[in-house]
Amino acid sequence: MGIFNDFLENAKAVVYKVGEKASDAYDITKLNTIKARHERDLAKQYKALGVKYYGAFKSNELEKTDFSKELSEIEDLIEQLDNTKKQIDNIKSMKRCPVCSKLIKADETYCSECGSKL
Ligand SMILES: [Zn+2]
């Protein structure tokens with residue numbers, strides 16, 4: 001479970017960081033890297049579930065086999081992946097006021113903080 005926990009810690013750290021200062025290209029790049037990692041981990045978990053399922057099927061132990069741990073890890077990864085995608089969408093929909101640097105939705109015409117035209 002070490003790798004999985006490391007990855008959760010990493011994801012939390014990024015969520016915190018993005019809350020601090022969104023809209024930097026650096027954060028998008030970092031989030032895309034994390035998104036790719038989530039996708040890789042998810043593919044690994046799906047494979048592990050498939051291997052376990054097949055093994056249980058072959059030895060006629062399907063009904064006795066507990067898949068809840070694998071399933072909950074997959075659920076967690078899907079949730080993390082969705083969160084990362086939402087963060088990316090969120091950052092992409094924001095721009096920074098050139099005068100006061102406040103983050104504003106990309107479709108706004110005026111800065112809600114200082115009133116500058118954007
Ligand atoms: Zn402003």
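Leu-49 is a residue of helix 2, which covers residues 25-58. In this predicted model, Leu-49 counts as partly exposed because 16 other C-beta atoms lie within 10 Å, between the limits of 12 for exposed and 20 for buried. Apart from neighbours within four places in sequence, Leu-49 has contacts with Phe-67, Glu-70 and Ile-74. For Ile-74, the separation along the sequence is 25 residues, and the C-alpha atoms of Leu-49 and Ile-74 are 9.1 Å apart.

Helix 2 also contains Ile-28. Ile-28 is partly exposed, with 16 C-beta neighbours inside 10 Å. Once neighbours within four places in sequence are set aside, Ile-28 contacts Ile-88 and Ile-91. Ile-28 and Ile-91 are 63 residues apart along the chain, yet their C-alpha atoms are separated by 7.3 Å.

**Overall arrangement**

The protein chain has three helices and two strands, and their order from the N terminus is α-α-α-β-β. Of its 118 residues, 8% count as buried. Taking contacts between residues at least 6 apart in sequence, 47% join residues at least 24 apart. The pairs Leu-49 with Ile-74, 25 residues apart, and Ile-28 with Ile-91, 63 residues apart, are both separated by at least that much in sequence.

The mean pLDDT of the chain is 85, and 79% of residues reach 70 or more. Residues 16-20 have pLDDT below 50, and this stretch makes four contacts in the model beyond near neighbours in sequence. Where pLDDT is low, predicted coordinates should not be read in detail.

**Helix 3**

Helix 3 runs over residues 68-92 and has 25 residues. At 1.5 Å a residue, helix 3 should span 36 Å, and its end C-alpha atoms are 36 Å apart, so the two values agree. The buried residues of helix 3 are Leu-77, Gln-80, Thr-84 and Gln-87. An α-helix has 3.6 residues a turn, so residues three or four places apart point the same way. The range of helix 3 also takes in Glu-70 and Ile-74, contacted by Leu-49, and Ile-88 and Ile-91, contacted by Ile-28.

**Loops and the C-terminal segment**

Two residues other than glycine have a positive phi and are listed below with their places in the chain. Most residues other than glycine have a negative phi.

| Residue | Phi | Place | Other C-beta atoms within 10 Å |
|---|---|---|---|
| Asn-60 | about 55 degrees | loop between helix 2 and helix 3 | 8 |
| Ser-101 | about 70 degrees | loop between strand 1 (94-96) and strand 2 | 12 |

Asn-60 is exposed because its count of 8 falls within the limit of 12 or fewer. Ser-101, with a count of 12, is exposed by that limit too.

Where does Tyr-110 lie? Tyr-110 is in the segment after strand 2, which spans residues 103-105. With 12 other C-beta atoms within 10 Å, Tyr-110 is exposed. Not counting residues up to four places away in sequence, Tyr-110 touches Gly-115, Ser-116, Lys-117 and Leu-118. Tyr-110 and Cys-97 are 13 residues apart along the chain, with a C-alpha separation of 8.7 Å.

Definitions and conventions: Residues are numbered from 1 along each chain as its sequence is written. This is a predicted model: local features need pLDDT of at least 70, side-chain atom pairs count only at pLDDT 80 or more; totals for chains, interfaces and linings use all residues. Helices (H or I, at least four residues) and strands (E, at least two) are DSSP runs, numbered from the N terminus. The expected span of a helix is 1.5 Å times one less than its number of residues. Two residues are in contact if their C-beta atoms, placed from the backbone, lie within 7 Å. pLDDT is the predictor's confidence in each residue, from 0 to 100.
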